[in-house]
Amino acid sequence: MKANGPRRRAFLSVCLGLYLFAGLFASQAVPAAPAPTTPGVAMPGGATPLPECWRGTVLAFVAHTDDDLLFMNPDQADAIRQGQCMRVVYFTAGDRGEGQPYLQARERGIMAAYARMARAANHWRDDGWSVGGRTVLRHTLIGSSRIQLIMLRIPDPWLGPGWGSLTPLSRMESVPNTGVQAYAPYPERYTRESLVTWIASLIQAVQPTTVRLMDASIATPYTQLCWRCRGHDHPDHIAGAKLVREAMLLAPGTYLAQAYLGYPSQEQPANLSATERAFKTGTFLRYMVDDPRYCRPHAPCSRTNGPASAWVERQYRIGPDGAPLAPVQQARQ
């Protein structure tokens, strides 16, 4: 045993040297394995969405702070339940000429409705989001930052019975060289061209998998639209949809573009299931609590009323390019 000791030690020294050399070579020549990544959705230009949005991102554009609840639901709720990110842009303040108190009440209502859809506490963080060279007000749901509501706050005075004259948004969309200034806290000034450019920049920044908009196909002149006329819609619904449709031409991508029927949906058969109707109604009731024009202070708010009672039972998808209404059996899948 003693005679083999030096030979054994020499053998072990050679083995140790080979081991250290191999380790050194491996550390220099073999790259470390990349950290695990969250699956992503393929986007234009090879970019990928934010990690929390790997299930997809819905970017919805509406005129008022209840249009999405009435005309895009239950698709909005379905996307949230599926874990997708939700970005909703509201063009107007919906203030009816009543200023900050009423527009803020409506914003509180829409935030509460989205918190309900997300099954999260109704706590939000506000900030100014700079995109496309402009700053806009952004509400982010603290319990689920996947949900953000973006407010342009373009003035929206009430114009009396019928439409009779153009709203600020529809005037800007249809009258050349017309501008409108948003309310505080970010009083940006918009023209048709600048708003279309901003929408296109937003689409490029958000990289959505789905863009949702209202119906741009109604050809009736804005000044001839009326509240109760069959086939007519709100001029702001149409104007906003036209702006989005034009912006999509400037910001092409692999996203799905989906449009929704507005007021005329009440002329179609109810097409939501009992479960869908109940959830959509409950969500809209939650919004109504904060909107004093739906629910007077301290008054019970247990059911919808007026046209909203019909809209909560329906949702109709149509072609984003103004294609005719899909057959009833295909409208809600």
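## Note on the sheet, helix α4 and two buried loop residues

1. In strand β9, Tyr260 is the bridge partner of Met214, a pairing that should be read with the reminder that this is a predicted model. Met214 and Tyr260 belong to a wider match in which strand β8 (residues 210-214) and strand β9 (residues 256-260) run in the parallel sense and pair over 5 bridges.

2. Turning to the chain as a whole, the model contains 10 helices and 10 strands, and of its 333 residues 50% are buried. If one takes the contacts between residues at least 6 apart in sequence, 72% of them join residues that are at least 24 apart.

3. The sheet that holds β8 and β9 is an open one of 8 strands, which follow one another in the order β3-β4-β5-β2-β1-β8-β9-β10 with mixed pairing. Its edge strands are β3 (124-131) and β10 (317-318), each of which pairs on one side only.

4. Strand β5 deserves some attention, and the student may begin with its partners in the sheet. With β2 it runs parallel, the two being joined by 6 bridges, and here Val88 stands opposite Leu149 of β5. With β4 it runs antiparallel, joined by 4 bridges, and here Thr140 has Gln148 of β5 as its bridge partner. A hairpin of 5 residues makes the connection from β4 to β5.

5. Which residues of β5 point one way, and which the other? Ile147, Leu149, Met151 and Arg153 point one way, while Gln148, Ile150, Leu152 and Ile154 point the other way, and all are buried. In a regular strand the side chains alternate between the two faces of the sheet. The strand is mostly covered, since 8 of its 8 residues are buried.

6. Two helices can be followed across the sheet. Helix α4 lies across β2 (85-92), β3, β4 (134-141) and β5 (147-154), and its direction is at about 160° to that of β5. Helix α6 (residues 192-206) also packs on the sheet, where it touches β1 (57-62), β2, β3, β4 and β5 and makes an angle of about 165° with the direction of β1.

7. Helix α4 (residues 100-118) has 19 residues, and the distance from its first C-alpha to its last is 27 Å, close to the 27 Å expected at 1.5 Å a residue. Because 14 of these 19 residues are buried, α4 is largely enclosed by the rest of the structure. Just after α4 comes Arg119, which takes a positive phi of about 55°.

8. The packing of α4 with helix α8 (residues 274-288) brings their axes within 7 Å of each other, crossing at roughly 145°, and the crossing is right-handed. On the α4 side the contact is made by Arg106, Gly109, Ile110, Ala112, Ala113, Arg116 and Met117, which meet Phe279, Gly282, Thr283, Arg286 and Tyr287 of α8. The residues of this contact divide into 6 nonpolar, 3 polar and 3 charged.

9. For α8 itself, 15 residues at 1.5 Å a residue should span 21 Å, and the end C-alpha atoms are 21 Å apart, which agrees. Among its residues Lys280, Thr281, Gly282, Thr283, Phe284, Leu285, Tyr287 and Met288 are buried, and the buried residues of α8 pack against α2 (67-72), α4 and α9 (308-311).

10. Is Asp156, in the loop between β5 and α5 (168-174), buried or exposed? Its relative accessible area is 7%, and under 20% counts as buried, so Asp156 is buried. Leaving aside neighbours within four places in sequence, Asp156 is in contact with His64, Thr92, Gly94, Asp95, Arg96, Gly97 and Asp236. The C-alpha atoms of Asp156 and Thr92 are separated by 6.0 Å, although the two residues are 64 residues apart along the chain.

11. Pro264 may be read in a similar manner, its place being in the loop between β9 and α8. With a relative accessibility of 6%, Pro264 counts as buried. Apart from neighbours within four places in sequence, Pro264 is in contact with Ile218, Gly231, His232 and Asp233. Between the C-alpha atoms of Pro264 and Cys229, which are 35 residues apart along the chain, the separation is 9.1 Å.

Notes
Residues numbered from 1 in each chain as written. Predicted model: local features only at pLDDT ≥ 70, side-chain atom pairs only at ≥ 80, totals over all residues. Heavy atoms only, no water. Expected span 1.5 Å × (residues − 1). Buried < 20%, exposed > 50% of the residue type's maximum accessible area, 1.4 Å probe, protein only. Axes fitted to C-alpha atoms, helices over the stretch in contact; angles between N-to-C directions. Left-handed = near helix turned anticlockwise from the far one by under 90°. Contact = heavy atoms within 4.5 Å. Nonpolar A, V, L, I, M, F, W, Y, C, P; charged D, E, K, R; others polar. Pairing = 2+ DSSP bridges.
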